[in-house]
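Trainee: I would like a close look at one part of this model, set against the whole chain.

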Amino acid sequence: MKKIILTGGGTAGHVTPNIALLPHLKSAGFDIYYMGSYDGIEKRLIADFDIPYQGISTGKFRRYLDPKNFTDPFRVVKGYSEARKYLKQLKPDVVFSKGGFVSVPVVRAAASLKIPCIIHESDMTPGLANKLCIPVADKICCNFPETLQMLPKEKAVLTGSPIREELSSGNKLAGLDMCGFTANKPVIMVIGGSQGAASVNQAVRAALPMLLEDFQVVHLCGKDKVDNLLLNEKGYKQFEYLKSELKDIFAMADLVISRAGANAICELLALNKPNILIPLPSAKSRGDQLLNARSFEAQGFSIVIDEDDLSEKLLVEKVQELYCSRQSYINAMKQSPQLDSISTIMGLIKEIIKESS
């Protein structure tokens, strides 16, 4: 039985693609282990899957001044030592990394032991953690055609991002029933990430009187961001977040308004959902969502609204435009080479093991 170590953490986006790979790795006969931080989100998310978990010391790589910049390098060095010790004991055949700062000591330690490593970059431009792993990785998976130009040619593979299979098994009628919606009016799904997006929430709610004339709106608005004054608004349903029911909401949605996080938009691509992206502006991030969104726009998958331009009037105009031309966006998404990500990545894993054995 072949052994694989999965790593990645810090945010859910660095864990859920690994989770999407689990059933395929199990069916292929892999013995699966996970390496992450002592108590990060990855530990909580992986706990549901009965997989051995090894915690290591971690430190964050920051581009800004912070007192922890003086102590975190020592935590990274400790994590490298812990990862190397565990890897020597376990002797895995391959390491697959989804990124995040926890992955750096794992990948670097594995490479020092000649254990082959595959890393995955979700955003168009590699993040700092993956930049530190690229020199020692055997293969680098990515989501965007533009990213291939930024990576070593002999290592880069356009794969797309692994998407949880259950998202494609939703029941439209169950979604309609949960929201109290009719089947005779199209549905807009609004999702702003796990924490919600205040500016998106505000614009959608301001536009509701116009949107509800032609659409029903289901709004995943984030923890503690439900507007109690709108609880009884006909055709408008709010949730802080959803877990198992999310697949039914996706199945019900005709259009989606979303932030432009890499995993979120890859889910929209996999589900062929016409969408409007409102990326997090560069002032609030390293600018990756802006680049992600522009790539999807250039490929014909999305309409993009910059947050600085966002207004209820513009939002309604773009929703109407998207709905009228939705089939062209669906057709473009169906032709994307990034749709077969899981089988492509599984093929890479098996190929790497074969070459190193």
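What percentage of the 357 residues of the protein counts as buried? After that, please take me through the part where strand β2 and strand β3 pair.

Mentor: The share of buried residues is 52% of the 357, where buried means under 20% relative accessible area, exposed over 50%, and partly exposed in between (1.4 Å probe, protein chains only). This is a predicted model, in which local features need pLDDT of at least 70 and side-chain atom pairs count only at pLDDT 80 or more, while totals for chains, interfaces and linings use all residues. Residues are numbered from 1 along each chain as its sequence is written, and side-chain values use heavy atoms, with hydrogens and water left out.

First the setting. The protein has 13 helices and 13 strands (DSSP runs numbered from the N terminus: helices are H or I with at least four residues, strands E with at least two). The radius of gyration of the protein, 21 Å, is close to the 21 Å that the globule rule gives for 357 residues, so the protein is as compact as a globular protein of that length; the radius is taken over C-alpha atoms, and the rule is 2.2 Å times the number of residues to the power 0.38. The C-alpha trace spans about 65 × 45 × 40 Å along its principal axes. Of the contacts between residues at least 6 apart in sequence, 63% join residues at least 24 apart, a contact being heavy atoms within 4.5 Å.

Now the part you asked about. β2 (residues 31-37) and β3 (residues 53-56) are parallel and share four bridges; two strands count as paired if DSSP finds at least two bridges between them. Among the facing residues, Tyr 34 has Tyr 53 of β3 as its bridge partner, and Gly 36 stands opposite Gly 55. Together with helix α2 (residues 41-46), these two strands make a right-handed β-α-β unit: with the strands pointing away from the viewer, the path from the first strand over the helix to the second runs clockwise.

The pair belongs to an open sheet of seven strands with parallel pairing, ordered β3-β2-β1-β4-β5-β6-β7. β3 is one edge strand and β7 (156-158) the other, each pairing on one side only. From one strand to the next, the twist averages 25° (axes are lines fitted to C-alpha atoms, for helices over the stretch in contact, and angles run from 0 to 180 degrees between N-to-C directions).

The loops on either side of β3 contain contrasting residues. Asp 50, in the loop between α2 and β3, counts as exposed because its relative accessibility is 75%. Its C-alpha lies 26 Å from that of Ser 122, 72 residues away in sequence. Ser 57 sits in the loop between β3 and α3 (72-90) and has 5% relative accessibility, so Ser 57 counts as buried. Leaving aside residues up to four places away in sequence, Ser 57 touches Tyr 38, Arg 75, Lys 78, Gly 79 and Glu 82.

Another open sheet is available for comparison: six strands with parallel pairing, in the order β10-β9-β8-β11-β12-β13. Its edge strands, each paired on one side only, are β10 (236-239) and β13 (302-304). Three bridges join β13 to the parallel strand β12 (residues 275-277), and Ile 276 has Ile 303 as its bridge partner in β13.
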